[in-house]
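Please open the model in a viewer and keep the sequence panel at hand. The tour proceeds by selections, each followed by a description of what is found there.

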Amino acid sequence: MDTSNLSCDPPKLHVLVVDDNNIDRKLIQKLLEISSFKVTVVDSGSKALQYLGLDEENTSSRFDDLKVNLIISDYSMPGMTGFELLKKIKNSSTSRDIPVVIMSSENNLTRINQCLEEGAEEYLLKPVKLSDVNRLKDSLLKHGSQHMGQHGPTPCSPEQA
């Protein structure tokens, strides 16, 4: 049965998940997919920069058509921490407006404040719960983002359905 004319869903918000731990990556990916996000996962800060087109070797983004609306990164990763990734994103003219959420299993007030002062949208404690993901989604939809398209998701008119 063709259901394409029965509803017109708004475009899915695209989340880039950065975590070196495979189990944590799969958990956050599943929670985001349950909440109707489009999810891309990478296992390091350097791969996230590559995906965003911010790495030194490749200055042009190959993924320009895949706009990212939100980045969720683990704090503790080998090579480049989530905090270092956050700083690189916030110092980039092309990506600084993308909201970044840092997640960690450590409830360290100094670290939390450091991330928030550097521009993190939020700091989530692991394990991330569905309620955390829903709160992020509500916040993104309510406040919008330049990366959600022109003016965020728009309701469908009968002609579009």
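Begin by selecting A120, which counts as buried because its relative accessibility is 8%, below the 20% cut-off. As the model is a predicted one, every value in this tour is computed from predicted coordinates. A120 belongs to the loop that connects helix 4 with strand 5. Now display V100 as well: 20 residues separate V100 and A120 along the chain, yet their C-alpha atoms are 5.1 Å apart. With neighbours up to four places away in sequence set aside, the contacts of A120 are L86, V100, I102 and C115.

**The whole chain**

Return to a cartoon view of the full protein. Five helices and five strands are present, and their order from the N terminus is β-α-β-α-β-α-β-α-β-α. The chain has 161 residues, of which 40% count as buried. Among contacts with a separation of 6 or more, 65% join residues 24 or more positions apart. In a surface view, about 9,400 Å² is exposed, and carbon and sulfur atoms contribute 49% of that area.

**Helix 4**

Select residues 109-117, which form helix 4, and show the side chains of R111, I112 and C115, the buried residues of this helix. Where do they lie when the helix is seen down its axis? They fall within an arc of 100°, and so they line one face of helix 4. The partners against which these buried residues pack are helix 3 (82-90), strand 4 (100-104) and strand 5 (122-125). Turn to the other side of helix 4 to find L109, T110 and E117, which are exposed.

Next, inspect the two ends of the helix. At the start of helix 4, a side-chain oxygen of N108 comes within 3.0 Å of the backbone nitrogen of T110. Beyond the helix comes G119, with a positive phi near 120°.

**Strand 1 and strand 3**

Select V17 in strand 1, which spans residues 14-18. Is V17 buried or exposed? V17 is buried, since its relative accessible area is 0%, under the 20% limit. Beyond its neighbours within four places in sequence, V17 is in contact with I28, L32, V39, T40, V41, V42 and I72. For a distance check, pick A48, which is 31 residues from V17 along the chain; the two C-alpha atoms are 8.3 Å apart.

Move to S73 in strand 3. S73 is buried as well, at a relative accessible area of 1%. Which residues does S73 touch, apart from those up to four places away in sequence? They are V18, G82, L85, V101, I102 and M103.

Then select V68, in the loop between helix 2 (45-52) and strand 3 (70-74). V68 is buried, with a relative accessible area of 4%. Add L16 to the selection: V68 and L16 are 52 residues apart in sequence, whereas their C-alpha atoms are 6.6 Å apart in space.

**Partly exposed serines**

Select S46 in helix 2. S46 counts as partly exposed because its relative accessibility of 43% lies between the 20% and 50% limits. The C-alpha atoms of S46 and T81 are separated by 9.8 Å, with these positions 35 residues apart along the chain.

The next selection is S36, in the loop between helix 1 (22-34) and strand 2 (38-42). What is the sign of phi at S36, given that this residue is not a glycine? Phi is positive at S36, about 70°. S36 is partly exposed, with a relative accessible area of 37%.

**Ring and peptide geometry**

Show the side chains of F37 and K137. The charged end of K137 sits over the ring of F37, at 5.9 Å from the ring centre. A search for aromatic pairs elsewhere returns nothing, as the structure holds zero of them.

Finally, select K126 and P127. These two residues are joined by a cis peptide bond, with omega about 0°. P127 lies in the loop between strand 5 and helix 5 (130-143).

How values were computed
Residues are numbered from 1 along each chain as its sequence is written. This is a predicted model: local features need pLDDT of at least 70, side-chain atom pairs count only at pLDDT 80 or more; totals for chains, interfaces and linings use all residues. Side-chain values use heavy atoms; hydrogens and water are left out. Helices (H or I, at least four residues) and strands (E, at least two) are DSSP runs, numbered from the N terminus. Buried means under 20% relative accessible area, exposed over 50%, partly exposed in between (1.4 Å probe, protein chains only). Contact means heavy atoms within 4.5 Å. Accessible areas come from the Shrake-Rupley method with a 1.4 Å probe; for residues, only the protein chains shown count as cover. Rings of Phe, Tyr and Trp (its six-membered ring) pair if their centres lie within 6.5 Å; planes under 30 degrees apart count as stacked, over 60 as edge-to-face and the rest as tilted. A charge sits over a ring if NZ of Lys or CZ of Arg is within 6 Å of the ring centre and within 35 degrees of the ring normal. The arc is that of the directions from the helix axis to the C-beta atoms. A polar contact is a pair of N or O atoms within 3.5 Å; within protein, one must be able to donate a hydrogen and the other to accept it, and residues adjacent in sequence count only if both atoms are side-chain atoms.
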